[in-house]
Amino acid sequence: MQLPTDRPLILAHRGARTQAPENTLAAFRLAFEQGADGIELDVRLAADGEVVVFHDETLQRITGIPGRVNRRTLAELKSLDAGAHFSPEFRGERIPTLREVFSSLDGRLVYDIELTDYLDLFGPLAERVVRLVREFRLEERVVITSFNPAALRAVRRIAPEFVCGLIAFSGWKGALQRSLIGRMLSRQMIVPHHSDVDRAYLLRERRRQRKVITWTVNSPEEVRRLAEW
């Protein structure tokens, strides 16, 4: 994967989520308009196997409807409102599929796709995401990330050319993950919590020729400090 190396990349977490409902086409388009290099988005499977863009295991927080995402078909999910909870302006915004995201957005964007189907550790999500990325020929614009080592291992098995990154927890747990699992599954990229990153850490990763995506940086001061390093 060829990414710019002369400056930090800006990846909008779930899109421009403070100004539009998260993980929707509206949030992704706005992030691109605002100058983001790419977007981070979360994927999981609907009951009929479609890859949908949605963070939570359950629908309640975003749609106001109880129940799990993986218990609803795509048609049922499409009947729900994913924007009204954010603002009346976005009433009628729908839960997108990953296919719709790829079809609707600029091909120059970088996509950080988090595999979030954590209750189904060995399910078919990784395979179906890989299939869609290949269909749209976005291999050079996509990184696959997850807290789930099994999901990353599945991606590496079926698509060894893909760039994968282990998302690590903060503190000592994250340090263990990065040392024990990260070197095996994240040879090209690692995703530490921003609180565990300092100048020395970034220098070590640079010597390893491993790119770093920090999560999730919302403070302007922290953005400036990380960008300077």
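# Exercises on a cavity and three helices

By class, the lining of the largest cavity is made up of six nonpolar, two polar and one charged residues. The model is predicted, so that local features need pLDDT of at least 70 and side-chain atom pairs count only at pLDDT 80 or more, while totals for chains, interfaces and linings use all residues. Residues are numbered from 1 along each chain as its sequence is written, and side-chain values use heavy atoms, with hydrogens and water left out.

**Exercise 1.** Find the volume of the largest cavity and the residues that line the largest cavity.

*Solution.* Begin with the count, which comes to one cavity of 30 Å³ or more (a set of points on a 1 Å grid where a 1.4 Å probe fits but cannot get out). Next, the volume of the largest cavity, taken as the space filled by probe spheres set on the points, is about 40 Å³. Finally, its lining residues (those with an atom within 4 Å of a point) are Glu22, Asn23, Thr24, Val53, Phe54, Ile62, Ala82, Ile95 and Pro96.

**Exercise 2.** Describe how helix H5 and helix H6 pack.

*Solution.* Helix H5 covers residues 125-135 and helix H6 covers residues 149-158 (helices are DSSP runs of H or I, at least four residues). Their axes, lines fitted to C-alpha atoms, lie 9 Å apart at an angle of about 45°, on a scale from 0 to 180 degrees between N-to-C directions. H5 and H6 are therefore oblique to each other (outside the ranges under 35, 65 to 115 and over 145 degrees), and their crossing is right-handed. In the contact (heavy atoms within 4.5 Å), Ala126, Glu127, Val130 and Arg134 of H5 meet Ala151, Ala154, Val155 and Ile158 of H6. This contact of H5 with H6 holds six nonpolar, no polar and two charged residues.

**Exercise 3.** Work out the arrangement of H6 and helix H7, and name the residues that meet.

*Solution.* H6 and helix H7 (residues 171-185) pack at an angle of about 20°, with axes 10 Å apart. H6 and H7 are therefore roughly parallel to each other (under 35 degrees). From H6, Pro149, Leu152, Arg153 and Arg156 meet Ile181, Met184 and Leu185 in H7. The residues of this contact of H6 with H7 divide into five nonpolar, no polar and two charged.

Technical notes. Helices (H or I, at least four residues) and strands (E, at least two) are DSSP runs, numbered from the N terminus. A crossing is left-handed if the near helix is turned anticlockwise from the far one by less than a right angle, and right-handed if clockwise. Ala, Val, Leu, Ile, Met, Phe, Trp, Tyr, Cys and Pro count as nonpolar, Asp, Glu, Lys and Arg as charged, and the others, Gly among them, as polar. On a 1 Å grid over the protein atoms alone, a cavity is a set of points where a 1.4 Å probe fits but cannot get out, and a pocket is an open set with protein on both sides within 12 Å along at least five of seven lines; lining residues have an atom within 4 Å of a point.
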